[in-house]
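Visitor: Could you take me through one part of this model in detail? I would like a close look at the aromatic rings and what surrounds them.

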Amino acid sequence: MLQNLHVKNLALIEEAEVDFSDGLNILSGETGAGKSIIIGSIAVAVGDKVSKDMIRKDAEYALVELVFTVDDKVRDRLAAMDIPMEDDQVILTRRISGGRPIAKINSESVSATKLREVASLLIDIHGQHEHQSLLNQKNHLNILDAYAKKEYKCLKEQLAEAYRAYTAVRQELKEASLDTEQRARELSFLQYEAEEIENAAPALGEDEELETQYRRFANGKKIMGGIGQVYELTSDNGAAQMTGHAVMELSKISMFDPQLGQLEQQLTEIDSLLNDFNRELAGYIDSADFDEARFYEIEKRLDVLNGLKAKYGGSIERVLAEYEKKRERIEKLSDYDAYLSGLSQKLEDKEAVLETLCEKMSAIRKKEASRLAKKIKAALIDLNFLDVQFELQLTRKKEYSSSGYDEAEFLISTNPGEPLKSLTKIASGGELSRIMLAIKAVLADCDEIGTLIFDEIDTGISGRTAQMVSEKMNVISREHQIICITHLPQIAAMADTHFLIEKQAKKNHTQTSIRRLCQEESVAELGRMLGGVKITDTVLKSAKEMKDLAVATKNSQSETIR
């Protein structure tokens, strides 16, 4: 669960820290107080896009930090992702400054992609307008797959891989559709290029060896001039003669002083080394061969090899690899009918594998779609859709996709006697909000995510419906930590922990703060939500009754669950 939120210099928040609790955490406050900034800061911490404009005015940076406690299952999954643990806690940190946002998990820097991947195991955020995603039919299949993901096991990955293989062959067959004239032109050009490489007969490493020889030949005169001068300075007419003479002179006097004997020994070794060096240098001069004809051959061969490299990939290895590709293509074009026939058969084989996997996937989906629809219908009834009918219809698409050939659509009837119609065509904003809550409630039962966040789930509802929504939120909070922003007192009354978000002006600056309310303060906030500007004793009494009723409802639901 989300244990702690720390926000600094983000939008209207100078600095705020919140310790959340188990169960249902309610955030309320006046319109414009900054309630959505709190939820937005959590979204920033888990990897949402963020701009420099979100940094509080006159601040150098903004910081959001989330501290989660995790159970054994999540801990094992994080360990498989090489995420370090700190006392069974996961700390997500995001710092926004002039450069790119910096993300960390338990003080270790990570990419935004890694941050989102880890966060998806810990928290699910339902934004203010997420229910609008139900109007996109493509999302209906995603919801079904999220519900049935345990049933798919490895099937979905196998299907995606089979689809990639199928599309690759299909694309190859499409590109292979050449007329006779095109095929003849391509074959002629490939044969010319293949013969060019064959005639050159490049060998691996040949270019490097020739370049070494070329450099030596190109600098031959310079090398020989330099070597001659060195030999003259070190041979019998130079340093060797002088060193030999010095050894003779030193030997005449070394007997008079032991220290001179040591110096004589050192000089004798120098003389010996110099003589060895001169013999090797003389051998190099004798063996040196700077044949101009050979130099011309090397230069010409390098021109050929470099031309091939420039044309076919930059190295001999790539030239030879291109040659093999061209030979394969020549073989295909030379017997094109057999090539097309083989390709068509290969496509049939790939399609047969894909069809089999799609059938398996579709069979599981049909079974799970029926179960999901029944659960969503029951959840909708709990949310005051009294005579609702709900189905999940699966149809086959004309084309395959990486997720199969199924197309899903939610069908609903909210009034007796009305036929089922597409959810995308008939649901109002308030109905969509409740339908999404019902779906979230169902998915939560099969999900291991510990924390669910709802930003103004109460859009477009009131009265008895609001009361039923609050009861459903309470049921979900028995198994999951819920953090919810609301404007409705019926939902706020159900809070296990109630927070008030306020906006205040200080020193010509506006800032948002958040604080936890005690029981009396929670009742007073309910009174504000019920009565508006003027909170009378009657309003406070109604707020107290509403809170007492919520406590009784929670106790009753707890007994039912047990």
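**A cluster of tyrosines**

Guide: Happily! Tyr-400 and Tyr-405 are both buried, and they make a good place to begin in this predicted model. Tyr-400 has a relative accessibility of 13%, which is under the 20% that marks a buried residue. Tyr-166 is buried as well, with a relative accessible area of 7%.

Now for how the rings meet. The model has four aromatic pairs. One of them joins Tyr-166 to Tyr-400 in an edge-to-face arrangement, with 5.5 Å from centre to centre and 75° between the planes. Tyr-166 belongs to helix H6 (residues 155-175) and Tyr-400 to strand S9 (residues 389-401), so this pair ties together parts that lie 234 residues apart in sequence.

Tyr-400 also pairs with Tyr-405: the ring centres are 6.5 Å apart and the planes stand at 40°, so this pair counts as tilted. The angle falls between the limits of 30 degrees for stacked and 60 for edge-to-face. Through these ring pairs, Tyr-166, Tyr-400 and Tyr-405 are linked into a cluster.

A charge joins the picture at Tyr-405. The charged end of Arg-396 sits over the ring of Tyr-405, 3.8 Å from the ring centre. There is another arginine to look at while you have the model open: Arg-434 lies over the face of Phe-385, 4.0 Å from the centre of that ring.

Note on methods
Residues are numbered from 1 along each chain as its sequence is written. This is a predicted model: local features need pLDDT of at least 70, side-chain atom pairs count only at pLDDT 80 or more; totals for chains, interfaces and linings use all residues. Side-chain values use heavy atoms; hydrogens and water are left out. Rings of Phe, Tyr and Trp (its six-membered ring) pair if their centres lie within 6.5 Å; planes under 30 degrees apart count as stacked, over 60 as edge-to-face and the rest as tilted. Helices (H or I, at least four residues) and strands (E, at least two) are DSSP runs, numbered from the N terminus. Buried means under 20% relative accessible area, exposed over 50%, partly exposed in between (1.4 Å probe, protein chains only). A charge sits over a ring if NZ of Lys or CZ of Arg is within 6 Å of the ring centre and within 35 degrees of the ring normal.
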